[in-house]
Amino acid sequence: MALAGGWLHAQTNAAAMSTSHAPTIITSERADFDLAERHAVYRSNVRVDDPQMKLTCEEMTADLPQSGGQINHLVALTNVVMDSVDEKGQTKHATSDKAIYDYNVVNGVTNETVTLTGNAKVKDGPNWMTGEPITFNLVNHAIHTMHAENESMIIYQETTSALANTNAPAAKTNLPAGAADLPVTKTNFPPGTIQNIDKNTTQSGTTTQ
Amino acid sequence: MKKMLNKAGVILSAVVALGFSAARAQPATTTGHANDFSSVEYFKPPHQMLMASRLSGMEAQPQGQLLLIKQLKLETFDTNGVPGLIVKAPNCVYDVVHGVANSPGHVRLETADGSSHVEGDGFLWRQTDHFLTISNNVQTVIEPGPKKKTGL
């Protein structure tokens with residue numbers, strides 16, 4: 001969602017990965033550029049159209065780096081909706097109150113993430129995921145949560161109406177055919193007791209104590 | 001985009017400054033009206049022989065503390081002589097006293113190689129704090145490929 005710059009950089013990277021040569025387009029009703037503080041704010045109906053990612057939100061801010069650098073921090077706020085397609089063609093649909101894009105290179109290692117917070121929800125193929133936060137790693141395309149002590153991550157699979165209205169299949173067992181119909185053997189042992197529990201039987205048939 | 005935006009501030013600042021200078025350069029006995037004018041700004045030493053920007057316009061006319069500029073075009077260059085940004089606005093009003101330029105019309109900033117541009121309708125530029133607002137229909141376009149290394 002570089003979405004332009006950090007997020008823009010994400011967008012540009014996505015564009016670079018794409019076989020399409022379509023440009024990245026950022027539109028909004030209004031934009032403010034504080035060139036002294038190197039800060040840009042896109043406001044009202046912000047939309048980022050990239051060959052591999054679409055993002056909409058109500059406000060998007062960007063910290064502008066020094067000359068020659070790349071935008072390395074972007075924040076999308078309010079009604080954030082992000083749709084992306086990875087290199088395998090799998091779609092991801094994400095919604096949240098806030099999305100933060102960060103880009104940096106440490107010791108030659110590129111870190112590029114988008115972190116979703118505030119009612120964050122991601123639909124990855126047939127699965128829905130919620131968590132606080134949810135982080136997209138744009139380098140290895142992984143989705144994960146951070147800060148394990150606080151995380152609450154739920155993944156559940158989307159059910160279709162066709163499956164929802166069917167009877168569950170019979171559970172598989174190792175019992176021989178018809179065994180389920182055998183009468184229950186009555187014992188004098190109280191419930192939960194296993195007979196000869198204090199003896200172990202070896203493969204040779206000898207019993208040890 | 002950053003680079004472009006950074007340059008936009010320089011550009012707009014130069015636009016108004018140069019525009020004002022150009023208008024003031026007109027003989028006092030005239031109305032101050034200038035047609036097909038252009039003004040060049042050079043880098044400070046040690047690059048004082050190199051052109052930093054070139055402002056041109058179809059018309060510039062002072063009105064009180066305001067300077068009205070039509071068909072504004074500003075081109076910037078780096079110290080290697082490579083073109084940087086081009087800013088175009090059909091109309092621009094610059095408040096000389098307050099250092100504010102604005103227009104309800106269209107504004108377009110583009111890289112000289114045409115790889116990226118920002119445009120919109122209606123803008124306000126405050127020279128004092130280098131703050132630019134584009135008030136309507138803002139669109140930033142970044143073309144893919146190596147040309148994208150414009151910082152935009």
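B:W125 stands opposite B:L132 in strand β7 of chain B. That pair is a good place to enter this predicted model. The two residues belong to a pairing of strand β6 (residues 116-126) of chain B with β7(B). The sense is antiparallel, and the pairing spans 9 bridges. The two strands form a hairpin, with 4 residues between them. In the turn, B:H130 has a positive phi of about 55 degrees.

Now step back to chain B as a whole. Chain B holds 1 helix and 7 strands. From the N terminus, the order is α-β-β-β-β-β-β-β. The chain has 152 residues, and 39% of them are buried. Take the contacts in chain B with a separation of 6 or more: 50% of these join residues 24 or more positions apart.

How far does the predictor trust this chain? The average pLDDT of chain B is 73, and 73% of the residues score at least 70. Among the elements of the chain, strand β7 (residues 131-142) has the highest mean pLDDT, 88. Helix α1 (residues 2-24) of chain B has the lowest, 40. Both ends call for a look. Over residues 1-30 of chain B, pLDDT stays under 50, and the model has 93 contacts beyond four places in sequence for that stretch. Over residues 146-152 of chain B, pLDDT also stays under 50. Here the model has 24 such contacts, beyond four places in sequence. For the model overall, ipTM is 0.71 and pTM is 0.65.

Next, follow β7(B) across to chain A. Strand β1 (residues 24-28) of chain A runs antiparallel to β7(B), joined by 5 bridges. In this pairing, A:I25 stands opposite B:V141. Strand β2 of chain A also runs antiparallel to β7(B), joined by 4 bridges. There, A:F33 stands opposite B:L132. B:L132 is the residue that B:W125 faces from β6(B). In general, side chains in a regular strand alternate between the two faces of the sheet.

One residue of β2(A) deserves a closer look. A:D34 lies in this strand, which covers residues 30-34 of chain A. Is A:D34 buried or exposed? A:D34 is partly exposed, because 18 other C-beta atoms lie within 10 Å, and a buried residue needs 20 or more. Leaving aside residues up to four places away in sequence, A:D34 touches A:H39 and B:F131. A:D63 is 29 residues from A:D34 along the chain, and their C-alpha atoms are separated by 9.7 Å.

How values were computed
Residues numbered from 1 in each chain as written. Chains lettered and ligands numbered in written order. Predicted model: local features only at pLDDT ≥ 70, side-chain atom pairs only at ≥ 80, totals over all residues. Buried ≥ 20, exposed ≤ 12 C-beta atoms within 10 Å, placed from the backbone. Contact = placed C-beta atoms within 7 Å. pLDDT = per-residue confidence, 0-100. Pairing = 2+ DSSP bridges.
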